[in-house]
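User: Please give a close account of the salt bridges in this model. Which residues form them, and where do the partners lie?

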Amino acid sequence: MQKEITQLTKLLKDNGNLNALGYSKKMNVEYNKEKLKFRPFKLKEWNFYQFIFDHYSLQMTIGHVSYMSSISATLIDLNTQKKYEIGCMKPLWHPELDLNPEKESLVSFKNDSLEMIFETKENERILSVKGSNKKYKNVEIKLVVENDLDNEKMVISTPFKKKHQFYLNYKENYYKASGYVKFDELELDIKDATGLIDWGRGIWPYKHEWFWGNLTSFIDGVPFGFNIGWGFGDLSNATENMFFYNKKCYKLGKLIVERDVKDYMKPWSLKDENGL
């Protein structure tokens, strides 16, 4: 069963129990955070971006798990596996994050050695980093990302066994981002990078298993991507499985996964419920 949420629906009831169950192709779930019922240090919230260009991957995060915040930017050379990183962990503090990833907002962090800003405007997102640490004297990142509200995405509201536990997730596959990244002598121009935003809010069990995969690319010049995920929460109302083509999304049901559990680097096989 794939239950689609087609109208604006509040995430939580007045008693803190999950009200919205299922998936949507746009942000039809209102994150009414004031209705949360939870013990201290249970809430988890993050804004995560990842972009691929040439043979590099760039990841940027502002998030928290209530008792600890994480602010980081990581550049990975996919050929050599070398990482360039800057970030910090801040205990007993968390940033004020947005309630809706599609609305105009400004999410930021700043201390003596690091500043990170995620700004969402009507037609674009501007992501920037400035800082230094023991390894790098000068780190600068700036990306301008297209922000097309007509672009369909994967929004899912997932329950768990306990009534006050939930996971609200918004993943949108972006198709163009341009800018630059600097880690001291390493300077890279970024043009037409492909990537995504992973926007998550939730309260869930201490122990869990979660598999996630995502792709953003082009097929004959047409934007293409997919999101797959399983093993996390009660997916009887909807799965996290979708594919995107020409900025429209198409729902997938349960996937059957065949893999070598002794060697996760061996090829995986994915089939639908009909074995295709």
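**Salt bridges**

Analyst: E30 is partly exposed, at a relative accessible area of 30% (buried means under 20%, exposed over 50% and partly exposed in between, with a 1.4 Å probe and protein chains only). K10, at 43%, is likewise partly exposed. The model is predicted, with local features requiring pLDDT of at least 70 and side-chain atom pairs pLDDT 80 or more, while totals for chains, interfaces and linings use all residues. Residues are numbered from 1 along each chain as its sequence is written, and side-chain values use heavy atoms, without hydrogens and water.

E30 and K10 form a salt bridge whose closest N and O atoms are 3.3 Å apart (a side-chain nitrogen of Lys or Arg within 4 Å of a carboxyl oxygen of Asp or Glu). Because E30 belongs to strand 3 (residues 29-30) and K10 to strand 1 (residues 9-10), this pair ties together parts 20 residues apart in sequence (strands are DSSP E runs of at least two residues, numbered from the N terminus). The structure holds 13 salt bridges.

R201 and D98 also meet in a salt bridge, at 3.4 Å from N to O. R201 lies in strand 14 and D98 in the loop between strand 7 (83-91) and strand 8 (105-110), so far along the chain that 103 residues separate them. Both R201 and D98 are buried. These two residues belong to a salt-bridge network that also includes K33 and E45.

The side chains of E102 and K153 pair at 2.9 Å, N to O. E102 sits in the loop between strand 7 and strand 8, and K153 in the loop between strand 11 (139-146) and strand 12 (154-159), so this salt bridge ties together parts 51 residues apart in sequence. E102 is buried at 18% relative accessible area, and K153 is buried at 0%.

Conventions:
Helix = DSSP H or I, 4+ residues; strand = E, 2+ residues; numbered from the N terminus.
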